[in-house]
Amino acid sequence: MRFFDSLRSFASSFFHRSETDREIEEELRSHIQHRADDLERGGLPRAEAERRARIEFGGYQRLKEESRDALGGQFGAGLLQDIRFAMRRMVKKPGFAVVAILTLAFAIGANAVVFAVLNAFILRPLNVPQSESLYGLWRLSSNDMAESYPDYLDLRDRNHSFESLAAYNVMEAALDTGNDPSRAWVDEASGNYFDALGLKPYLGRFFHGSDEHGPNSAPYIVLTYDFWHSHFQGDAGVVGRVVRLNKFPYTIIGVAPPEFHGTLMFFNPDFLCRL
């Protein structure tokens with residue numbers, strides 16, 4: 001409570017300085033008058049009693065400044081003076097002002113990037129069960145690091161090193177929900193994607209490897225939790241609804257759990273569909 005009391009006192013002294021000064025002055029005058037009354041009752045003339053009281057209290061202006069410092073008013077006044085000085089310097093030397101602003105902008109931007117990396121890799125790692133056992137495979141022999149779908153099938157069927165092997169691809173697509181078509185980011189994923197990650201749906205169900213029966217056999221969409229809230233207002237009746245993805249009909253079959261944001265750092269898909 002002391003912190004909030006101090007904060008209120010500082011705010012009052014900063015925004016109502018004239019009123020604060022008047023209250024301090026009245027308080028000091030009251031103390032001096034009370035002391036002068038005591039001295040007068042002791043036999044001193046009134047004028048001499050007031051002079052003695054002022055001497056005992058010391059410098060009148062010094063006491064006012066000390067009282068204002070105790071209330072935080074001097075800090076507020078100094079801060080306001082510094083701001084005024086900085087503004088005058090910026091007006092007189094605009095080149096220096098531009099350099100200072102750009103320096104601050106770059107510094108803030110660099111800090112934001114560092115925090116984003118820290119947040120993605122340390123503070124908010126992949127929110128999937130046993131994330132430490134996940135590995136990524138990329139093609140390094142060419143400029144294109146992605147594997148083709150036939151290559152993925154060969155790797156999956158001949159895999160003897162991992163419990164399961166799933167594939168996904170990031171793309172941008174046009175989503176038409178019947179109201180206002182918009183662009184959205186999509187993770188195209190293999191049918192066993194959610195099974196390999198060990199995830200459970202928040203609503204509805206996920207697509208599975210058993211849904212795959214050749215090309216276009218599973219035109220399903222799984223919404224991320226954030227996209228479901230922002231574009232469908234958390235409507236539980238969205239499951240079973242047909243939307244158009246790049247003009248082709250897809251059925252929404254489920255919603256991913258809130259903590260799931262895909263398996264690619266720095267990228268959060270809006271929804272997932274089958275490769």
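Two strands count as paired if DSSP finds at least two bridges between them. This rule is needed for the strand pairs described below, in a model that is predicted.

**Overall content**

The protein has 275 residues, of which 27% are buried. Its secondary structure consists of 9 helices and 7 strands. Of the contacts between residues at least 6 apart in sequence, 62% join residues at least 24 apart. The accessible surface comes to about 18,400 Å², and carbon and sulfur atoms account for 58% of that area.

**Strand 5 and its partners**

Strand 5 covers residues 242-245. Strand 1 (residues 168-176) is joined to strand 5 by 2 bridges, and the two run antiparallel. In this part of the model, D176 stands opposite R244 of strand 5. Strand 5 is also joined to strand 6 (residues 248-255), here by 4 bridges and again in an antiparallel arrangement. V242 stands opposite T251 of strand 6.

Strands 5 and 6 form a hairpin with 2 residues between the strands, and in this hairpin N246 takes a positive phi near 55 degrees.

Which side chains of strand 5 are buried? V243 and L245 point to one face and are buried, while V242 and R244 point to the other face and are not. L245 also appears in the largest nonpolar core, as one of the residues that touch the most other members.

**The nonpolar cores**

In soluble globular proteins, nonpolar side chains tend to be buried together. The largest nonpolar core here has 19 residues, and those touching the most other members are I221, L223, W228, F232, L245, I252 and F271. At least two residues of this core come from each of strand 1, strand 2, strand 4 (220-223), helix 9 (225-232), strand 5, strand 6 and strand 7 (271-274). Helix 9 supplies the largest share, 4 residues. Another core, of 13 residues, lies apart from this one and has Y193, L199, F206 and A256 among its members.

The surroundings of F271 can be listed in more detail. Leaving out residues up to four places away in sequence, F271 touches L175, A184, W185, V186, D187, I221, V222, L223, T224, F227 and L245.

S182 lies in strand 2 (residues 182-189). With a relative accessible area of 26%, S182 is partly exposed, because buried means under 20% and exposed means over 50%. Apart from neighbours within four places in sequence, S182 is in contact with A173, A174 and L175. L175 is also among the residues touched by F271.

**Salt bridges**

How many salt bridges does the model hold? The count comes to 10. Three of them are set out here, with their N to O distances.

| Acidic residue | Basic residue | Distance (N to O) |
|---|---|---|
| E40 | R46 | 2.8 Å |
| E48 | R52 | 3.1 Å |
| D157 | R156 | 3.2 Å |

The pair R46 and E40 belongs to a wider arrangement, since D37, E40, R46 and E50 are linked in a network of salt bridges. R46 is partly exposed at 26% relative accessibility, and E40 is partly exposed at 35%.

E48 and R52 both lie in helix 3 (residues 46-57), where they are 4 residues apart, about one turn of the helix. E48 has a relative accessibility of 23% and counts as partly exposed. R52, with a relative accessible area of 37%, is also partly exposed.

Is D157 buried or exposed? D157 is exposed, because its relative accessible area is 55% and the cut-off for exposed is over 50%. Its partner R156 is partly exposed, with a relative accessible area of 30%.

**A nonpolar patch on the surface**

Some nonpolar side chains lie at the surface. I83, M87, M90 and I101 make a nonpolar surface patch of about 370 Å². Helix 5 (residues 73-92) gives the largest share of this patch, 3 residues. M90 is placed in helix 5. Why can M90 belong to the patch? M90 has a relative accessible area of 35% and is partly exposed, and patches are made of residues with over 30% relative accessible area and no salt bridge.

Note on methods. Residues are numbered from 1 along each chain as its sequence is written. This is a predicted model: local features need pLDDT of at least 70, side-chain atom pairs count only at pLDDT 80 or more; totals for chains, interfaces and linings use all residues. Side-chain values use heavy atoms; hydrogens and water are left out. Patches are made of residues with over 30% relative accessible area and no salt bridge: like charges are joined within 9 Å, nonpolar side chains (Val, Leu, Ile, Met, Phe, Trp, Tyr) within 5 Å. Accessible areas come from the Shrake-Rupley method with a 1.4 Å probe; for residues, only the protein chains shown count as cover. A salt bridge is a side-chain nitrogen of Lys or Arg within 4 Å of a carboxyl oxygen of Asp or Glu. Buried means under 20% relative accessible area, exposed over 50%, partly exposed in between (1.4 Å probe, protein chains only). Contact means heavy atoms within 4.5 Å. A nonpolar core is a set of buried Ala, Val, Leu, Ile, Met, Phe, Trp, Tyr and Cys residues joined through side-chain atoms within 4.5 Å.
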